[in-house]
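Hi everyone, thanks for having me. I'll put a structure up on the screen, and then we'll walk through a few of its side chains together.

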Amino acid sequence: MLYRERYGKGTVGSGYYSFDHKGVHFVGLNNCQQIDAMGRLGAEQLAWLKTDLASRSASTPVVVFAHIPLWMVYPQWGWGTQDGAEALSYLKRFGSVTVLNGHIHQTVQKVEGNVAFHTATSTAFPQPAQGSAPHAGPMVVPAGKLESVLGVTKVHYIARQSHLAIVDSSLAEKA
């Protein structure tokens, strides 16, 4: 509760929000609060999202932030959101949607129609590629290789382009 009082001002429900900036509609979703095997948005947040998007023109670019991927990257490891398909159904009418996620600590990209999905590496600990290990979790790598499997992502808005310019780079590249 104290965290949300300090850092979550202006959020609703379990900490979701939206705002507009320079013609782009940004949506922050919380799919971590109801987590069990996978993330979940819940009926209240989905109803809010549907209402939030209803008044927007289909030509409005939309950027969505959620910690756990909204699409099923690898459900066996909890790398997906159980009710993410419903949220994505509300976004399909828009001409340009970018969904930015974390959680899996690696770069995975996918485009479905007008929706571009992007997850990024982490500055904390690397995870194995989906299905390449018995389970998700911190991956042990030699100290000299650590910076090559951790990274940062920069997102750039370029006016009159259909998608955001997303650039991933490892911490080794930053050194």
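Okay, so let's start with charges: there are 3 salt bridges in this structure. If that term is new to you, the general idea is that side chains of opposite charge can pair when their charged atoms come close.

Before we zoom in, please keep in mind that this is a predicted model. The average pLDDT for the protein is 86, and 91% of the residues score at least 70. Among the elements, helix 2, residues 43–54, has the highest mean pLDDT, at 97, while helix 5, residues 171–174, has the lowest, at 69. Where pLDDT is low, the predicted coordinates should not be read in detail.

Right, back to the salt bridges. Look for Asp20, which pairs with Arg56, with the closest N and O atoms 3.5 Å apart. What does this pair tie together? Asp20 sits in strand 1, and Arg56 is in the loop between helix 2 and strand 3, so the salt bridge links parts that are 36 residues apart in sequence.

Now stay on Arg56, because Arg56 also forms a salt bridge with Asp52, where the closest N and O atoms are 3.9 Å apart. Salt bridges with shared partners join Asp20, Asp52 and Arg56 into one network. So how accessible are these residues? Arg56 and Asp52 are both buried, whereas Asp20 counts as partly exposed, because its relative accessibility is 49%.

There's also a salt bridge between Glu112 and Lys110, and here the closest N and O atoms are 2.7 Å apart. Glu112 is partly exposed, with a relative accessible area of 42%, and Lys110 counts as partly exposed too, at 24%.

Let's leave the charges and go to Asn31. Where do we find it? Asn31 is in the loop between strand 2 and helix 2. Buried or exposed, what would you guess? Asn31 counts as buried, because its relative accessibility is 0%.

And what does the Asn31 side chain reach? One partner is the backbone nitrogen of His67, at 3.4 Å. The Asn31 side chain also makes a polar contact with the side chain of Thr81, at 2.9 Å. If you leave out residues up to four places away in sequence, the residues that Asn31 touches include Gly39, Arg40, Leu41, Ala66 and Pro69.

That's my tour, so feel free to turn the model around and find these residues yourselves.

Note on methods. Residues are numbered from 1 along each chain as its sequence is written. This is a predicted model: local features need pLDDT of at least 70, side-chain atom pairs count only at pLDDT 80 or more; totals for chains, interfaces and linings use all residues. Side-chain values use heavy atoms; hydrogens and water are left out. pLDDT is the predictor's confidence in each residue, from 0 to 100. Helices (H or I, at least four residues) and strands (E, at least two) are DSSP runs, numbered from the N terminus. A salt bridge is a side-chain nitrogen of Lys or Arg within 4 Å of a carboxyl oxygen of Asp or Glu. Buried means under 20% relative accessible area, exposed over 50%, partly exposed in between (1.4 Å probe, protein chains only). A polar contact is a pair of N or O atoms within 3.5 Å; within protein, one must be able to donate a hydrogen and the other to accept it, and residues adjacent in sequence count only if both atoms are side-chain atoms. Contact means heavy atoms within 4.5 Å.
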